[in-house]
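Visitor: Please take a close look at one helical part of this model and describe how its residues are placed. I should also like to know how any unusual backbone angles fit into that picture.

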Amino acid sequence: MERASGGRILVADDDAAICTVVGEALRRQQHEVLTVGSIAALRAAMPEFAPDVLVTDVIMPDGNGLDLVPELLADAPGLPIIVLSAQNTLTTAVRATEQGAFEYLPKPFDLEELCRAVADGVRSRRTAGTAREADRIDESLPLIGRSAPMQEVYRTIARVVANDLTVLVLGESGTGKELVARAIHDLGRRRQAPFVAVNMAAIPRELIESELFGHERGAFTGAHGRAAGRFEQAQGGTLFLDEIGDMPMDAQTRLLRVLQSGEFTTVGGTRLIRADVRIIAATHKNLPEMIAERTFREDLYYRLAVVPIALPALRQRGGDIGELAQHFLDRAAQEGLPRKYLDGGAVLRLEQHDWPGNVRELENLMRRLTVLAREDVVSAVLVEQQLAGGPRMEDERVSGGTETLADAVESHLARYFAAFGRDLPPDGLYDRIIAEIEGPLLEIALGAVKGNQLKAAKLLGINRNTLRKKLNDHQLETRRLRQGG
């Protein structure tokens, strides 16, 4: 039987006129209503009708509705039961409460008040149901926190674990998008099959299709044998496409075809392979903006965002910070680091921070504190020092203001690696770091010689053609032209 937009309401009263009036009033409120006139009929209707709320009279021809309440709650825990009674005594009211009734209304009752009580009961029933779902899921989730934004995340996860709908996890870097993907996999029907994660930002653009779909021998230079792609590796399980916003347009087109047809071919292959995988994608980017800029396919977006899950930033779930922080301290202790605890001032200071690096930043801070804090209980003072960058090193080069370029690079790289916690940064780190250093070096050298490329090339010790190529690679010449340089 299909559920109405309101709730299912079972009304039990031996007065036919009351059943008619109450039934019509509740139906106008978009509830589905079934009326019965006896205890026997009530018992018979309960299993099949499965009401969200029961409204029952006390005195019935074949028994007492109030006496039946404990029995009904034993069979249907949490069922809101509204008791109506012409025995308008304090004893009846108290007994109704003691028996577990949701509400007690004396006859004659106000019809609007009854309708409000029923609406409250429906909300209570459904909230309790989703909360129980969330609690059950939460027990198994590698996610910490009971704030309202996280409860909504848990409820959404609870609704998608039983099906294979495509999920798009949205959120800032460090909010735990892969943890959500793993939770959906681990709690779903594919839990015994592989969970394969691939980071689009970490794969060279020219290798993305081969990485996803595999390749045949000779498909391209260096393809010395057949290689299975991530789709094949994840067969029967879940494929997590992290940083989907970094996928090139040509790869987006091929991914869309796979999602539409459920089949793919390897690079250089012709045999169709069935893609028996659940797709979960994630990104910190604004995909609608990318669609407007024509850097992300709109049709692929709608294929991926069947069920979107928006992860809140840590600053939006301040009530979870203390619990999260202690969780990370406890986990560090399990790994052999000194056990630490936070005092109230430390938790308060953590809650005041805006956490641009989100949960990952908090985890890394807790790991530093387990090493740096001499006392077992971490104070607000030590938290403040670490949030401000830590106490100054006693190295004379740093304190004396003579920090070398190597010192600065080493410090930057240490922070960069720390941001990934126990994971490693994406592959290709050397080229990315060199590119980061090369761009500012070129720009500052050009500025020092007032844009004269011959002088800049001589200053840098490279020929002019090499300089022009590097300027083009870093789009510095284009930028200078836009700025009127």
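Guide: Helices are taken here as DSSP runs of H or I with at least four residues, strands as runs of E with at least two, and both are numbered from the N terminus. The model is predicted. The part chosen is the stretch around helices H14, H15 and H16, beginning with two backbone angles.

Trp 355 lies in the loop that links H14 and H15. Its phi is positive, at about 50°, although the residue is not a glycine. Is this tryptophan buried or exposed? A residue is called buried when its relative accessible area is under 20%; Trp 355 has a relative accessibility of 0% and therefore counts as buried.

Asn 358 belongs to helix H15, which spans residues 358-372. This asparagine is likewise not a glycine, yet its phi is positive, at about 60°. Asn 358 also counts as buried, because its relative accessibility is 0%.

Helix H16 covers residues 380-387, and its buried residues are Leu 382, Val 383 and Gln 386. Why do these three share one side of the helix? The directions from the helix axis to their C-beta atoms cover an arc of only 100°, which places them on the same side of H16. A general rule is relevant to such a pattern: an α-helix has 3.6 residues a turn, so residues three or four places apart point the same way. The cover over the buried residues of H16 includes helix H14 (344-352), helix H15 and strand E16 (377-378). H15, the helix that holds Asn 358, is thus also among the elements covering H16's buried residues.

For context, one sheet elsewhere in the chain may be described. Five strands form an open sheet in the order E2-E1-E3-E6-E7, with parallel pairing. Strands E2 (32-36) and E7 (103-106) stand at its edges; each has a single partner strand, so one side of each lacks a neighbour in the sheet. On average, neighbouring strands of this sheet are turned by 15° against each other, direction ignored. Strand E6 (residues 81-85) runs parallel to E7 and is joined to it by four bridges, and Glu 103 in E7 is the bridge partner of Ile 82. Helix H1 (residues 16-28) lies across strands E1 (8-12) and E2, running at about 170° to E2.

How values were computed
Residues numbered from 1 in each chain as written. Predicted model: local features only at pLDDT ≥ 70, side-chain atom pairs only at ≥ 80, totals over all residues. Heavy atoms only, no water. Pairing = 2+ DSSP bridges. Axes fitted to C-alpha atoms, helices over the stretch in contact; angles between N-to-C directions. Contact = heavy atoms within 4.5 Å. Buried < 20%, exposed > 50% of the residue type's maximum accessible area, 1.4 Å probe, protein only. Arc of directions from axis to C-beta.
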